[in-house]
Structures are given as C-alpha cells and as structure tokens.
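Visitor: Could you walk me through this structure and tell me how the labels are earned?
Guide: Sure, take a look first.

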Amino acid sequence: MVFVTKPHSENFSYARTSNNVSKLFSGIPLVDLTKPDSKQLIVKACEEYGFFKIINHGVPMDFITRLESEAIKFFSMPLSEKEKAGPPNPLGYGNKHIGKNGDVGGVEYLLLTTNTESNSQRFLSVFGNNPEEFCSALNDYISAVKKMACEILELMAEGLKIQPRNVLSKLLMDEQSDSYFRLNHYPLCPELQGLSSASARNVIGFGEHTDPQIISVLRSNNTSGLQISLGDGSWISVPPDQNSFFINVGDSLQVLTNGRFQSVRHRVLANGLKSRVSMIYFGGPPLSEKIAPLQSVMNGEEESLYEEFTWFEYKKSACSSRLADNRLGHFERIAAS
Ligand SMILES: C=C1C[C@]23C[C@@]1(O)CC[C@H]2[C@@]12CC[C@H](O)[C@@](C)(C(=O)O1)[C@H]2[C@@H]3C(=O)O
Ligand SMILES: O=C(O)CCC(=O)C(=O)O
Ligand SMILES: [Fe+2]
C-alpha cells in the first residue's frame with residue numbers, strides 16, 4: 001500500500017491563474033462542444049487549470065461501452081494470462097509498477113500505441129478466442145476519441161486566435177504521431193476497509209504526475225478517485241462521470257503555448273468500495289517534432305521560456321524520470337537578469 005504525505009484538502013480551495021494570482025476554485029470547468037462559446041471556455045480552462053470536462057462530445061456511447069466491456073474481460077483473466085502481454089517495455093501489461101524507476105500504485109494496466117497494426121502483432125495472442133472483438137472496439141474508440149481531441153485542439157487554436165486552425169491538431173493527425181493508449185484497472189482495495197477515513201483517502205492508485213504529451217483524453221466508469229492539483233498543495237476530487245470525457249493539458253502543450261496553458265498535475269486514489277476502469281488517449285507529436293513555443297502565440301518581444309528540444313528528446317528524458325518529477329524543469333530557460 002502506498003500513502004501520500006501531503007494533506008488532503010476539501011473541494012474548496014484557491015486556484016493558480018496565469019498571472020499567479022490565486023482565486024477561489026469554483027468547480028471543474030465544463031465545456032459543451034456543441035455550444036458557440038466552447039473555444040473561449042476551453043482557453044480559460046487551459047489557462048487556469050489545464051483540465052476540463054467535455055459534454056456533447058459526439059463519441060458514440062456504443063464505442064465506449066464496447067471497449068469498456070473488452071477491458072473488463074481482459075482484466076478479469078488470470079494473472080498468468082495477462083502477464084503474457086508483459087512486462088511493459090513501456091508498452092504491454094503492467095501490474096502495480098508504473099514506468100521503470102520504482103513507482104508503484106494499486107493499478108494494473110495495458111499500455112498500447114495507437115498504431116493498431118503493431119498492437120495486434122504484439123499483444124493480441126493474449127486475447128485468446130476473440131482478438132478481433134478487442135481490436136475492433138479499440139480501433140473504433142481510438143479513431144473517435146482522436147477526432148474529438150483534434151476538434152478540441154482546433155477550438156484551442158481559434159480561441160487563442162492563432163493560424164492555421166490545425167497548427168496543433170496536425171501533430172496528432174500526422175502518420176508518424178507518437179500517441180499512446182492506456183487501459184487502467186484499479187481493483188477494489190479491501191485493505192481500505194479497515195482504515196480510518198483520513199488514511200483511507202490517501203492510498204495511491206496512480207501517483208501524482210503531469211502527462212508529457214500534448215493532450216490526454218480520459219474516460220472512466222462511475223468510480224471516484226481522480227484528483228487534480230491546484231498547484232498550491234491542495235487536491236480537488238473530480239466527480240466521476242461515465243458519459244463525459246476529461247481533458248488534460250500535457251507538458252508539450254504547455255511549451256507550445258509558452259506557458260500560457262499549464263499541464264495539470266493529477267493522481268488517482270484507490271477506492272475501497274468499487275473498482276475503477278479508465279481509458280486514456282495520449283495525443284503526442286511525431287518523434288522528430290521540435291517542441292517550441294508557436295510563433296503565433298508569442299507577443300512582440302516575448303522570449304521562449306524553454307530550451308529547444310524534440311519530442312524524442314523529451315520522451316527519453318521522461319522515461320528516465322520518476323512519476324512525480326517536474327519533467328519540464330530540465331528544459332526551462334534561466335531568465336537573464
Ligand atoms: C514513471 C513513468 C511512467 C511514465 C514514464 C515515466 O518515467 C514518467 C512519465 C509516466 C507517464 C505518465 C502519463 C502516461 O500514463 C505515460 C504512458 C506517459 O507517457 O508518461 C506514463 C509513462 C509510463 O507509464 O510508461
Ligand atoms: O486512470 C486514471 O484515471 C488516470 C491515469 C493517468 O493519469 C495516466 O494513466 O496517465
Ligand atoms: Fe496521467
């Protein structure tokens with residue numbers, strides 16, 4: 001069991017803003033993709049929290065329920081069967097160990113690329129009788145969620161008044177885009193039942209971190225556990241909603257916007273009453289892509305806050321870091337005084 005040491009705070013707190021002035025947290029930002037004000041709301045949410053919830057997303061419910069039931073089938077298999085898809089390198093099946101640098105949590109997972117060809121080669125022998133059903137559910141889900149992620153990135157570009165509209169989405173649309181897909185299962189944590197409620201609240205499922213990519217699209221079943229950090233030491237519990245998606249700004253988008261958008265620090269706490277299944281699409285650029293502030297977001301003499309790097313360099317550095325590390329720290333420019 002892994003405990004966190006920081007105090008747990010209630011859902012009322014002060015949020016960081018782009019000019020570092022705290023303001024009272026007033027709830028998870030909600031964006032209705034069918035409404036004309038969505039682009040302004042997206043920009044505001046990315047500046048204040050790097051996180052928001054999407055409703056009226058256009059992803060067919062059938063795609064979601066099919067993949068969720070395939071995921072449940074996979075995680076219900078005997079450990080020895082699941083382990084045939086492991087150990088993760090980083091792709092594959094993993095259990096409690098996250099990455100290769102000693103991070104642990106109460107999660108088991110399947111980490112895949114979004115390139116379905118290579119997934120079917122590597123893992124699908126594990127899906128025994130019916131790999132086709134898993135593959136087809138995965139393909140349908142990934143295509144629909146990628147399309148939504150691109151729509152959101154285009155609304156961001158419009159909201160930021162930068163051209164062309166596909167300046168961000170083209171990175172995910174590129175054939176060489178280095179995007180991941182992850183199925184996480186947090187089994188019910190029976191140890192929690194004997195604990196006081198204060199300790200029970202702090203058993204870790206997936207430790208705190210930011211996502212290194214551009215954008216992450218998260219969907220879970222109706223089990224709580226996800227929390228976001230407001231950057232002042234407080235954590236906000238995100239009420240689960242199986243019919244919606246949650247969007248994380250990743251480190252690369254923070255750099256592309258020269259810090260105007262903030263990548264969100266988040267974590268998952270274990271649950272003593274119900275197991276959690278989540279599916280996350282991590283939209284990343286091609287490995288050779290230079291990650292630097294877009295010229296069109298820079299005002300006048302504004303200088304880049306970051307040293308130049310490619311996605312390959314960032315990913316390599318991320319892989320050798322611990323989950324909770326501030327990975328962008330290595331790439332920040334020291335301001336000349
Ligand atoms: C401890 C680690 C796991 C991780 C690679 C890393 O060294 C640091 C970043 C981690 C993370 C977080 C977001 C995604 O879940 C993930 C796939 C990613 O791209 O970066 C994981 C990595 C992983 O599980 O391999
Ligand atoms: O499982 C979740 O809800 C979030 C997990 C997560 O943040 C990740 O896999 O990067
Ligand atoms: Fe994450």
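Guide: What follows is a chat about the largest pocket and the two ligands. This is a predicted model, where local features need pLDDT of at least 70, side-chain atom pairs count only at pLDDT 80 or more, and totals for chains, interfaces and linings use all residues. Residues are numbered from 1 along each chain as its sequence is written, chains are lettered from A and ligands numbered from 1 in the order in which they are written, and side-chain values use heavy atoms, with hydrogens and water left out.

Visitor: What makes a space a pocket and not a cavity?
Guide: On a 1 Å grid over the protein atoms alone, a cavity is a set of points where a 1.4 Å probe fits but cannot get out, whereas a pocket is an open set with protein on both sides within 12 Å along at least five of seven lines. The largest pocket here has a volume of about 770 Å³, that being the space filled by probe spheres set on the points, which are joined across faces, edges and corners. Its lining has 38 residues, and I98, G99, L111, R182 and L323 are the closest to its centre; a lining residue has an atom within 4 Å of a point.

Visitor: How do you know that ligand 2 sits in the largest pocket?
Guide: The test is that more than half of a molecule's atoms lie within 2 Å of the grid points. Ligand 2 sits in the largest pocket, so it passes that test. Ligand 1 takes up space in the largest pocket too.

Visitor: Why is the pair between S278 and ligand 2 called a polar contact?
Guide: A polar contact is a pair of N or O atoms within 3.5 Å. An N or O atom in the S278 side chain is 2.6 Å from an oxygen atom of ligand 2, so the pair counts. H266 has a polar side-chain atom 2.9 Å from an oxygen of ligand 2. The protein covers 98% of the 290 Å² of accessible area that ligand 2 has on its own (Shrake-Rupley method, 1.4 Å probe).

Visitor: What makes R182 and Q213 polar contacts of ligand 1?
Guide: An N or O atom in the R182 side chain is 2.9 Å from an oxygen atom of ligand 1, and for the Q213 side chain the distance is 2.8 Å. Both values are within 3.5 Å, so both pairs qualify. For ligand 1, the protein covers 94% of its 470 Å² of accessible area.

Conventions
Polar contact = N/O pair within 3.5 Å; in protein donor to acceptor, adjacent residues only side chain to side chain.
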